[in-house]
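Thanks for making the time this morning. I would like to walk through one structure with you, and I will put it on the screen before I say anything about it.

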Amino acid sequence: MPVIRYAEALNAALYQALSEDPRVFVLGEDIAQYGGVFKVTKGLRDAFGDRVRDTPISEQTLTAMAVTAAMTGTRPVLEIMYADFMPLTLDALVNQASVYGYLWGDQVELPFVLRTQGGGGLGTGAQHAKSLDSFVAHIPGLKVVAPVTPADARGLLLAAIQDPAPVVVLEHKLLYNTRGEVPDGGAPVEIGRARVARPGRDVSLIATSRMVLEAEAAADRLAESGIEAEVIDLRTLRPLDVAAITASVAKTHHAVVINEDWGFCGYAAELSATIMDHAFDDLDAPVERVATRDMPIPYAQPLEDAVIPNAARIVHAALRALA
Amino acid sequence: MSADLTPLANRPSIDDHLTMHRRMAITRGIEQELGALHKAGRTRGPIHRCDGQEAVGVGATAVLTADDYVTTTHRGHAVYIGKGLDPRKVVAEILGRETGYNGGRAGHMLLGSAAHGMLGGNAIVGASIPAAAGMALSVQLRRQDRVAVAVFGDGAAQTGICHESMNLAALWRLPVVFLLENNEYGLTVPYTAQSAVRDLHVRAAGYDMPGVQIDGNDVVAVHQAVAAAVQRARRGEGPSLIEARTYRMEGFSTSDVGGYQSEADLARWRARDPLTVSRAALVESVGADRVEAVEAEAAEIVAAAFAAALADPPPRFAPHPASAPYATPGPVRGAARGAALGAA
Ligand SMILES: Cc1ncc(C[n+]2csc(CCOP(=O)(O)OP(=O)(O)O)c2C)c(N)n1
Ligand SMILES: [Mg+2]
């Protein structure tokens, strides 16, 4: 299997979708001539011409337009450069894209994909480092995926484009240069299925997006003390793979949930509640929640480091659960 | 740029011009030093330099009093220095030090100083526009003699909130000046690929407000145009739109790999560098010695600012109680657990 970068894997999915389906088009800021600020759309303009478009800085309108373009026979893939700009798209998501599938039934399809990237770690400050997962995962009628491996990046983006419903793809700025094996052949990865990233029997570390890598690092450190942590990569935030979570907790009886959004009303809170709803009897200890501290993301490195979750905080949480 | 220059009213005094020249030189010195530090791996995150655009931020803010408000963009260093902020504390903030204006929390894009009416840098494109309009609304409601200036880019001019802000400001005759800094690019996309009209100031007609296009590389022209718009705002006649034509010389940010701005354009604009333009005018009126002395003073201020800021301590993390989600402390299950929670 070829080893490629996460950004290249996304590029491959877009290339494949544009090649296979003439209804697919890609739009966003700086994505065509420049190939995207994270180079995800590199080369697509040359290959597909006008189906790959640079736009003015108009997130609110573009999202609304993409929704109705999807409703009327095309398959738009819209890039929103930073997840921090998602609030500008929210009306089109929460009042438009997500409601018609229910209100109007199968008269309309909404094969609309919104790609964005969030997360801290690069010193980009309070308006360019957030993860607003819960903003979108909260909305009935949307699907939300968050691949962490290059293979899933390719497979889930492809599945998102092929899906008849609106899908938000959450990427992470620190993942674009990570590498991994990606199978040839370009098969989609099923939306709604979690993955056991590392098996273990003592504690379940249930994580999303880049936090899966922190959980894996935490599992390495826990292993040094003889603790076998199981790492679950959720891959899809909505619809949630409850069975994968309950299967793991039934085995380990201890759970740490990890997400880079804020804690309060955040995605980790939903995971915690889900475990309470579905696996309470299996728990030997309260669920531990690890999330970004409830405050704006600061700029300076020591401050940002103190706010974003990391392996050390996950280790602490696991030890608390096991205490 | 020749056709639409404002009339030669509101000429700044020689002293004002010298002050503006010094502030432009300080800004340029900061940008160049940041570029060097970036290359040496000593900065953090992308930094958006304003080399070649200093006349816009400096010329506009020179018109304002300390009570007047200004909002700016992710590329706001000229506005920070122009509004009279201390270069040493600006540099410390950009370098993420405890001694910066915001203790390293804000960084170079989001710096704010209420005492200077500089509120502030803003990295959500377009957000600086309603921000200034809201301050102008407050001024109007409180019947104060203040104005607010919104600095924003050609990219920001294409946002929805730009339209909404201009309509509201004109409708309510708010004391605000819309200063559109057209540096020809929104990130990597030329403004001609973002706007159906080439001359962005013509949009003012749609809001029934005056719109002018000026040479944004001539600090005197910027000063004059903004002074006229500020006077109109103070008279209660409402907003104006000024399109300052300039050019981005050092790429979008320190992480821009470039290659999409033409050498010919760069050369043409380099010849019209705002410091060169300003220097030529000043040498004629006060002589080369005086101008060189001002520039030497600026260089010293910049060197001292970096020397001090680089030696300053990094900030120490503290929680932010106002952002905290729980009114009362969370549940504690056993003493050991409570202690462990403190450790996280
Ligand atoms: C709402 C929003 N969309 C996109 C971005 C990403 N972005 C940052 S600066 C920029 C270009 C801004 O162009 P312009 O307003 O002309 O300012 P300039 O960089 O030229 O000073 C873009 C697209 C952003 N920060 N905010
Ligand atoms: Mg611009």
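**Backbone, helices and two ligand sites**

Let me begin with B:Leu187, which is buried, since its relative accessible area is 14% and the cut-off for that word is under 20%. Please keep in mind throughout that this is a predicted model. B:Leu187 sits in the loop that runs between strand 6 (185-186) and strand 7 (189-190) of chain B, and, although not a glycine, B:Leu187 has a positive phi of about 55°. As a general point, most residues other than glycine have a negative phi, and most peptide bonds are trans.

A second residue of this kind is B:Asp208, again with a positive phi of about 55° and again not a glycine. B:Asp208 belongs to the loop between strand 7 and strand 8 (211-215) of chain B. Is B:Asp208 buried or exposed? With a relative accessibility of 72%, B:Asp208 counts as exposed, because the threshold for that class is over 50%.

Turning from phi to omega, there are two peptide bonds to look at. The bond from A:Arg238 to A:Pro239 is cis, with omega near 0°, and A:Pro239 is located in the loop between strand 12 (236-238) and helix 9 (242-252) of chain A. In chain B, a cis peptide bond links B:Leu119 to B:Gly120, where omega is about 10°, and B:Gly120 falls in the loop that connects strand 3 (118-119) with helix 5 (128-141).

Now to the metal site. Which residues coordinate the magnesium ion, ligand 2? The donors are B:Asp154 through OD, B:Asn183 through OD1 and B:Tyr185 through its O atom, at 2.0 to 2.1 Å. Along the sequence, these donor residues follow the spacing D-x28-N-x1-Y. B:Asn183 is buried at a relative accessible area of 5%, and B:Tyr185 is buried as well, at 10%.

Ligand 1 lies between chains A and B. Of the 21 residues around ligand 1, those that come nearest are A:Glu59, B:His74, B:Arg75, B:Ala123 and B:Gly155. Sorted by class, the shell around ligand 1 is made up of eleven nonpolar, six polar and four charged residues. As for individual atom pairs, an N or O atom in the side chain of B:His74 is 2.7 Å from an oxygen atom of ligand 1, while a nitrogen atom of ligand 1 lies 2.8 Å from a backbone N or O atom of B:Ala123. There is also a distance of 3.0 Å between a nitrogen atom of ligand 1 and a backbone N or O atom of B:Val125. On its own, ligand 1 has 580 Å² of accessible area, and the protein covers 98% of that.

Next, two helices, one from each chain. Helix 1 of chain A, residues 6-20, should span 21 Å for its 15 residues at 1.5 Å a residue, and its end C-alpha atoms are indeed 21 Å apart. Helix 1 of chain A is mostly covered, with eleven of its 15 residues buried, among them A:Tyr6, A:Leu10, A:Asn11, A:Leu14 and A:Leu18.

Helix 7 of chain B, residues 219-234, reaches 22 Å from its first C-alpha to its last over 16 residues, close to the 22 Å expected at 1.5 Å a residue. Of those 16 residues 13 are buried, so helix 7 of chain B is largely enclosed by the rest of the structure. What caps the N-terminal end of helix 7 of chain B? The cap is B:Asp218, with a side-chain oxygen 3.0 Å from the backbone nitrogen of B:Val220. Just after the helix, B:Gly236 takes a positive phi of about 85°.

I will finish with two residues of chain B and their distances. B:Ser255 is placed in the loop between strand 9 (240-245) and helix 8 (263-270) of chain B, and B:Ser255 is exposed, with a relative accessible area of 52%. Its side chain makes a polar contact of 3.0 Å with the side chain of B:Ser253, whereas the C-alpha atoms of B:Ser255 and B:Gly238, 17 residues apart along the chain, are separated by 39 Å. B:Val149, in strand 4 (residues 148-153) of chain B, counts as buried at 1% relative accessibility. From C-alpha to C-alpha, B:Val149 and B:Asp265 are 29 Å apart in space, with their positions 116 residues apart in sequence.

Notes
Residues are numbered from 1 along each chain as its sequence is written. Chains are lettered from A and ligands numbered from 1 in the order in which they are written. This is a predicted model: local features need pLDDT of at least 70, side-chain atom pairs count only at pLDDT 80 or more; totals for chains, interfaces and linings use all residues. Side-chain values use heavy atoms; hydrogens and water are left out. Donors are N, O and S atoms within 2.8 Å of the metal (3.2 Å for Na, K and Ca); water is not among the atoms, so sites may look incomplete. Buried means under 20% relative accessible area, exposed over 50%, partly exposed in between (1.4 Å probe, protein chains only). A residue is near a molecule or strand if one of its heavy atoms lies within 4 Å of it. A polar contact is a pair of N or O atoms within 3.5 Å; within protein, one must be able to donate a hydrogen and the other to accept it, and residues adjacent in sequence count only if both atoms are side-chain atoms. Accessible areas come from the Shrake-Rupley method with a 1.4 Å probe; for residues, only the protein chains shown count as cover. Ala, Val, Leu, Ile, Met, Phe, Trp, Tyr, Cys and Pro count as nonpolar, Asp, Glu, Lys and Arg as charged, and the others, Gly among them, as polar. Helices (H or I, at least four residues) and strands (E, at least two) are DSSP runs, numbered from the N terminus. The expected span of a helix is 1.5 Å times one less than its number of residues.
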